[in-house]
Every structure is written in structure tokens, then in C-alpha cells.
Number of protein chains: 2
Amino acid sequence: MNFKEIIKLRHDLHSLAEISGREKQTAQKVKQFLEPLRPLHIVENIGGYGLAAIFDSGKSGSTYMFRAELDALPLEEEIDIDYASLNPKVSHKCGHDGHMAILLGLAGIINSRRDLWKGKVILIFQPAEETGTGADLVWSDVKFKLLKPDFVFALHNLPGYPVNSIIIKTGLFCSASQGLVVKLKGRTSHAGHPEQGNSPLPAMVNLITFLQGLKDRVIGYNRSALVTVIHLQLGERAFGTNPGEGQVMITLRAHQQQDLDLMKSAIAQKVRKLAEIYDLSCSLDWVEYFPPVHNDELCVDKVHQAAHQLKLNIITQEQPFAWTEDFSHFTRNIPGVLFGLGAGEDYPPLHHRNYDFPDSLIETGINLWWNIILNGELSSSTEIAR
Amino acid sequence: MNFKEIIKLRHDLHSLAEISGREKQTAQKVKQFLEPLRPLHIVENIGGYGLAAIFDSGKSGSTYMFRAELDALPLEEEIDIDYASLNPKVSHKCGHDGHMAILLGLAGIINSRRDLWKGKVILIFQPAEETGTGADLVWSDVKFKLLKPDFVFALHNLPGYPVNSIIIKTGLFCSASQGLVVKLKGRTSHAGHPEQGNSPLPAMVNLITFLQGLKDRVIGYNRSALVTVIHLQLGERAFGTNPGEGQVMITLRAHQQQDLDLMKSAIAQKVRKLAEIYDLSCSLDWVEYFPPVHNDELCVDKVHQAAHQLKLNIITQEQPFAWTEDFSHFTRNIPGVLFGLGAGEDYPPLHHRNYDFPDSLIETGINLWWNIILNGELSSSTEIAR
């Protein structure tokens, strides 16, 4: 295994950085690298520019799917590196370039050592993870339906944890979330004659106050839930106009789907009542739904086993993470696991301008996936040393 | 006087509609019409595309200035007329095309009947009235300083009043107003980790509540003042991000400058305290200041006299208007008058999509200005019949 070649590839992918839903060149680059490695098929344009390479050992066995993400973030590259993003205002600040490089390195080993493994391996490169739409689009694509993986695996590099440590948890791993766009429409008027118009401002303030107390009111003390007002918009920069339209955008977050549902119904009821009281028209648009990620116990055991073989530090996460991952669109249908790969305790956080995927994780990532494949069939009898 | 030609000219100006500060073609059209009418000078590019034509009777006397506005509004033309705006999303919905046509019609009479009047007449076509910046820019332009008008006159067509009626008031005619942009800056974080960021939302809500009670708190019951929240902005449509920056934009309005000042200082103090309490940085940017329009008694008398001669209905406004007019940048320095010319009681309001300047006002407007010029010197001894 030539890790230097894979690191070079990671840098090439870094410089190609494309935003969610527009990962055409990145997908092309991935395809070009995979083609000589003799996959059974390469399936393109799954749920957008998503791409899957299916490798067949020729021997019977389960089908394992490993996921990486194609997309970068709409953030300017501000660090001075010789493989900096070529696209203005787009850069890989979440390490998806590294996740792709790990799968591509794995592809080389899978191909060259077909004698050592069984069943099938699917390497999937999903689009648009950052906007929470990609995994759902892939899952819903008829081309994906044909792939039928038995188990799904994904890792995400995690700054704030020791480098190359494994951060993992059985069951609920990270939260469910739901975006909401509330639009309230009254009537504009001259700024000097608010009595002739109907600004949605009082209803917006009332709604915000309600949202701030919502968790306590409907969820209670000991369960985790969170309402974040992520965007407000009222009127325009027009000092002569009393505004007639406003928007409140929020993200709901909870460990349990039922708590998300409780908050959703309380908010919907409140918005409709406010619209009635303040004589406004209203709309509620539920967007960017992330189901919770539930890690399958056997899949978690497989990660433990491989990590143990590689002498990696395992950190068992006690509480589910507050963040969400659209990998949940796979794990809610197929047994699977998502876990963190520590990027360094003092490493810049994900999405931070100083962040760049640490190349030292590439070898660990490849070896983890390769050991999981080598260890073979998932069953409760697999020997586990923790 | 060929009023049909002037109405045609109004329609041509209507179709040229240009937004505030970009009235290049409109100013060019005005200039082309004025040139054959033998003004002493045409002064161009005053405070932007502003333009003044100076006519000299050759006889000693005062210098009267009459004002029209060049700019249209950033509103789509939605009515079906054969002289519709040629520019998408720009149209004359405040009747400035009509005000210009009146001055251009007046120019024809001034030129052809130089034997009948004395002194000088300045016709000024100011830019950017709608954004409240044009008159101030004209006033501050060294080219304007040389013109030295003795008296300044302007009319504005007013829907909601009987057609061709004169709506006028001595002293305070319309309000003073002041725009304010408050920016509050905290720190973004992941939407799932508001404890790691600092959203300006609570400070914004606190500020809005304060603004809603401000008039009662600092101005009192019997004086007129108004705070209008015209724009709110918090964060972006990014459901994964707890916002770090917010803006609150307001328009303050009062009859008295001292009340405007009281509100300004109370708000400035409150914003700074809130920033301290909530650990935010803040900025206050005072913009779009409109002084109050004070109508000079003698100038009002001149309008009364001319209106009486023309048998026009005079409506004496009891309370000052809530709206503002940047003509005040002239009247606070030079004796002058601004008054309304009724556009019809059931006429669509200014800035309304169905509004179009009523051509029936053009003849009245021209005759009013012409009579004021004919009546000659302003003095307290001018005979007035009300």
C-alpha cells in the first residue's frame, strides 16, 4: 500500500472542492481512480452525483457498504497550502476529502488482495451530506435499491478527541433534527402609518418567546431536546416601509423521534393560533429532516474488534452527540454504524477556517475498514476483545 | 400652451423610469427639452444626476426655485399602459414623472412670456428623493451654492384628497425622521451547541421590546413620535448554524427635532447596555435623516393667492403629516413651501402598484407655479384672499 499516493489523491480532491449537489468533477475524479481497480460495476448519478463501486470477491458472503461524502462547504479557503481549493468560496472544511481518500485507498487493497476476503463490498460516495439531502436522495434512488447492502459503515473525523482514537456508542449515536421555515404575511404600509399596515413583528416576538420555553413546556427536565432559532428576516432595508412579511427559521433537535414530534405539533399549533390572533397568513415548511443515527450492536462490535487489532484507543461515548448526520437515512433501514475517528484534541473544529483533514488518519481509516472486511461475517459469536 | 405635448412628455419620462441615483437618461431627456427654451444656464450633475435650469428675466427681482424629482421606485410596472416603464422592476409610482412634466411645461411659458415676469427662476430636478439622499447631496454640492435661490417651492401630488385641491399648512408640514442600523455581533456555533456560541437573539428581542415602549417612556402622551422596526436580520438560512450576527433597523419619526434627539440618545444608551449584558459587540449607524419640513408663512400665502386666482379648493391641514420629504434640506436653510396637490379621493395611494400620475394635475401645477411667478415679489403686503 502506497499511502503517499493516497495522501496525494486526498490533496487533489481537496483542491477540486465542490459544494453540495454540484460534486461533478469530484465524482469524476473518484471514478477515474476506481476504474483500473476492477470493480464489478461503477454505478453513477445516484441521488445526484453519487457514485457506488461494487467489488465482488467471487465468494459467497455478506455485502458491506462503506460510505464517504463528495461535498465541500461554501467557505473560503483561508489556509496557505499548496493544494488549496481552486474554487472561490468553496473548500473542504469537514474532511470529506479525507473520508474519500480512505475509501479509495481501501479500494486498492480490496482489488489486490481478493484472495483474502469474502462476499461483496460497496464503496459509496454520497453527494450533499452538508445540506442533509444527499443520503435521502441516494436511499430513494432506484439505482441504490438494486445494491442491497447487508451492513453499512461510516466514520467521521472528530477534532477534540485524541488522534486516531475511536469514538463510538451502541444505540443512539447522534440526534434527530428537523428544520422549519415559518412565514408570516401581513400587509406593508408607509413607515409613518403602521396603523394602515400589519407588520408580523409582534407575532414573531411572541413566537420566539414561545420557542425559548418550548423544551421545558413539552419535553421536560430529563430528556434532551433543543430549539435553535437559526434565522430571522423581517422586511427589507427600506426605511420608509413598515414591513408586511417575516420569516422565522428554527432547527429542532432531540434524541427521541417522539420528542421531535411533540415539539413539531406544539409549534404548528402555536403558529396557526398566532396567525389568527394577529390576522396574518402563515405557512410552515418542514425541511432538512435528519433521523437519529442508531448504531447496530453487532456492527459496533465489528468496529471494536478491528480497533483492538490495530491497538487503537476506544472512547465509548456516554451521551449521544448533539449533531446530526444524514447517514441515518441508511441506518434506519439497514444495520450499520457511524463512529468518530479522533483528529486531535487541540485540532481546529470542523467547519473552522483553519481546519484541514489530518493526513495521519488516512492509514488508520483504511486499516480499520480492511480489518472489518478481513474479519468476515458479522455474527454474535465474533470474538470481541475490548 | 400645448398641454397635450406636456402630457406626451410625462408619458415619455414615465417609460424611462430610473431608480434613485441612476437617473442619467431621465436627466438627459429633461436637458434636451429645456435647451431650446433659452435658459441662462443649465447646470448638470448637481448632487448626482441633478440638473438645474436658470432663467433670467433680465429685470431685477427675487430668485424663485421650483423643485421636481428625477427618480422612480424599485417596483415592477404592473398596469397596462402604452407608455409603461421600459426598465424591469422600476417604475414611476410616486408621480415624479408628473412633477417633472409640470416644471417643463412651466419652462415653456417662462421662456415665451419673458415680458411678464421679473427676477430669476430656477427649475431644479433633484435626484434620489425616494432614498432621502438627493436633496442633501444637491444642497451640499458647490454647484448648488452658486445658485442662491431666495425662495423654494415644491408640490407633491396626494391621493386621498379631492382632485386639484391644495393641501397646505403653515409651519411644520411633515415630520422629521431618522433611520438607524443596529448591528449586534456575538459568535456562531453549531446549531446543536448554542452553549459554544453567542447568538444575538435575546438582545434583539430585548431591544425590540424596549423600542415598542420607547415613545411612551421618553416622549409622553401628547406629543407625536413613532418607532417603526422596518427590518430584522439574524443569521442565514443554514439549519446547522447557531447565528452569530444580527441586525435591527428602525425608523424614528417625530414632529419635533428635540423628540427625535431624545429617542436617539435613549436607544444608543440601551443598545450599548444590551451589548455589555449579552457580551456582544455592537454598532449604531444613523442613516437617511429627514429634517422636518417647515413652511414659511409668506411662501404659504403666495400659494394661497395663486390657488385663489385659479379657484382651487384649499384644504388647510391641521396636523403635520407623518411622512417625510427631503425637500426639508432646502426649507431648513431657505424660506419655502411644500404642499399637496390632491390626486383624487379614491385614487390609488403613492407607491401602490395601480398608481399612475393623473395627467389632469399637469395644467393645474403649471398654472399654480406660473401665477406665483406672475404675482411677483413676496412680501407681507401681498394681497391675499383666502
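In this predicted model, strands S2 (residues 50-56) and S4 (residues 120-126) of chain A run antiparallel and are joined by 6 bridges. Within this pairing, A:Asp56 of chain A stands opposite A:Lys120 in S4(A). Strands of a sheet pair through backbone hydrogen bonds, either parallel or antiparallel.

The wider setting of these two strands is an open sheet of 8 strands in chain A, with mixed pairing and the order S1-S2-S4-S3-S5-S16-S6-S15. Strand S1 (41-46) and strand S15 (314-316) of chain A form the edges, each pairing on one side only. From one strand to the next, the twist averages 25°. Helix H10 (residues 360-374) of chain A packs on the sheet, where it touches strand S3 (63-69), S4, strand S5 (151-159), strand S6 (166-168) and strand S16 (336-344). The direction of H10 makes about 155° with that of S16(A).

Turning to the domain level, chain A is divided into domain 1, which takes in 3-175 + 292-374, and domain 2, which takes in 178-290. Taken over C-alpha atoms, the centres of the two domains of chain A are separated by 36 Å. The contact between them involves 15 residues of domain 1 and 8 residues of domain 2. About 960 Å² is buried between the two domains, with carbon and sulfur atoms giving 55% of this area. On the domain 1 side, A:Ser175, A:Pro292 and A:Thr324 supply 37% of the area buried against domain 2, more than any other three residues. As for polar interactions, the count of salt bridges between the domains is 0, while 2 residue pairs are found in polar contact across the interface, both at pLDDT 80 or more.

Note on methods
Residues numbered from 1 in each chain as written. Chains lettered and ligands numbered in written order. Predicted model: local features only at pLDDT ≥ 70, side-chain atom pairs only at ≥ 80, totals over all residues. Heavy atoms only, no water. Pairing = 2+ DSSP bridges. Helix = DSSP H or I, 4+ residues; strand = E, 2+ residues; numbered from the N terminus. Axes fitted to C-alpha atoms, helices over the stretch in contact; angles between N-to-C directions. Contact = heavy atoms within 4.5 Å. Domains from an automatic or database assignment. Buried area = accessible area lost by both parts, 1.4 Å probe. Salt bridge = Lys/Arg side-chain N within 4 Å of Asp/Glu carboxyl O. Polar contact = N/O pair within 3.5 Å; in protein donor to acceptor, adjacent residues only side chain to side chain.
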